[in-house]
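Work through the exercises below with the model open beside you. Try each task before you read its solution.

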Amino acid sequence: MVYVQGLGWADQSVGLILTLSGAVLLIILSSSVDGQLCSTRPVHIFNFGDSNSDTGGLAAGLGFSVNPPNGRTFFRSSTGRLSDGRLIIDLLCQSLNVSLLSPYLDSLVGSNFSNGANFAVVGSSTIPKRVPFSLNIQVMQFIHFKAIAAAGSKHWINDEGFRKALYMIDIGQNDLSDSFTKDLSYVQVTERIPSVIEEIKSAVEALYDQGGRNFWIHNTGPLGCLPQKLSLVEKKDLDPYGCLSSYNAAARSFNEALLHLCNAMRSELKDAVIVYVDIYAIKYDLIANSTKYGFSTPLMACCGNGGPPYNFNVRGLCGQPGSHVCDEGSRFVSWDGIHYTEAANTIVASKILSTNYSTPRIPFDFFCGI
C-alpha cells in the first residue's frame, strides 16, 4: 500500500488481481494489512458492535462457550471470536501496530486496556435499547469504564487519550435479521430502520458528550448473501449471484439512511471527524466476483452441516456436535454461515484501508497523529 496525495492509501496489487491465483493474492493483501501505518503514536480504540467485531465479549460476559474449530487459523485455539481466525477489527488494529482489543467484560480477569476496549458482543442490536448488550448498554458500559479511569483507580487512559481516541461502530445487521426472522414483510422491516438509525445517532451523541471526536462507522453487509439466511428462507427471491434480493434491498436502505445520518452529524458536530465505510460494497463485490479473489463457493459455509449448496443447518452449527469443517487452507468466504473467514476478512480489511470505500476518504492511520 502507498499513500498518494489526494487519493489516500492505494492498493498496489489492484492491477494484478485478475492474473494471480487466490493464494498469491491473499499474500499480497495480507501484507497490506500487517504493515505499520501508525508511525507517530498508538491510537486508543473503542469499538461498539455485534459478532462481526466481538473479540471475546460473549464468552467473557455470559460464559458462553465458543468451541473449536473457531480460532484455528491464526490463534490456533478458540478466543471467543466467531471465525477461524482474525476479524476485521483485529486486522485494522494490526495495521496500526497496536495490540488487539480486549473485551470490556474481560475486566474481571484483569485485561490490559491501555490501547482501548471492545464493547461488542455477539447478538447485539440497537433495539430494544435496554436489553444487554444493545448499543445503548454498550455506550453505558463505556461511560462507566471512563469514570473508573477518571477516578484514578486505573491507569489505562487519560483524558487526552479519550478525547483523541477512535470510536468505531459496526452494528445494525441483527436489527434487520431479527425483523425478517419475525416474518415481517419487506415494507415492515424498512419501517423499523429509522428507529435503528436514531439509536446509532444517540450513541454517537453520547460519546461526543463524553469528549469523543473521532468516529469510524461501518454500514451493514449484504444480509441476503449469508448461507444461514439462504438455507432458512423457503421462498427465495434470488439475484443473479444467488443472494436474497429483499434482504439485500433492506440492507441497502439501512445503509442509505446511515450515510445520510453521518453526513448530517458531520455538519452538526463541527469539530468531529465522522468516517462512513461502505462494507456492503466490499462484501458484495467479494461474492459477485468470488473467482477473482480465489473463492469458488462464496455462498457455502466452511464449518457447518448439510453440505452443498449452503452447508448450514441449525442442528449442526459450527463447533457443535454434528458439524463438519472444511480442510484448513480451503478457500471459503463464509466461515459458519453468518461470519466470514480470515481469508475473506483480510481482503475486506485491505479494501477498507484503501479509503476507496470511505466517506470522506480519510486514511485509517489519520487518527494516530491528531
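**Exercise 1.** Across which strands does helix α8 lie?

Solution. Note that this is a predicted model. Start by finding helix α8 at residues 193-209. Then look at the strands it crosses: β3 (45-49), β5 (166-170) and β6. Finally, compare directions: α8 runs at about 160° to β6.

**Exercise 2.** Give the strand order of the open sheet, and explain why β4 and β10 each have one side without a neighbour.

Solution. Trace the six strands in turn: β4-β3-β5-β6-β7-β10. The pairing in this sheet is mixed. Now check the edges. β4 (116-118) and β10 (358-359) each have a single partner strand, so one side of each has no neighbour in the sheet.

**Exercise 3.** In which sense does β6 pair with β7, and over how many bridges? Do the same for β5 and β6.

Solution. Take β7 first. Residues 214-218 of β6 and residues 273-277 of β7 pair in the parallel sense, over five bridges. Within this pair, Phe215 stands opposite Ile274, and Trp216 has Val275 as its bridge partner. Turn to β5. The β5 and β6 pairing is also parallel, with four bridges. Here Leu166 has Asn214 of β6 as its bridge partner.

**Exercise 4.** Which way do the residues of β6 point, and are they buried or exposed?

Solution. Sort the residues by direction. Asn214, Trp216 and His218 point one way. Phe215 and Ile217 point the other way. Next, check burial, which here means under 20% relative accessible area. Five of the five residues in β6 are buried, and the strand is mostly covered.

Conventions
Residues numbered from 1 in each chain as written. Predicted model: local features only at pLDDT ≥ 70, side-chain atom pairs only at ≥ 80, totals over all residues. Heavy atoms only, no water. Pairing = 2+ DSSP bridges. Helix = DSSP H or I, 4+ residues; strand = E, 2+ residues; numbered from the N terminus. Contact = heavy atoms within 4.5 Å. Axes fitted to C-alpha atoms, helices over the stretch in contact; angles between N-to-C directions. Buried < 20%, exposed > 50% of the residue type's maximum accessible area, 1.4 Å probe, protein only.
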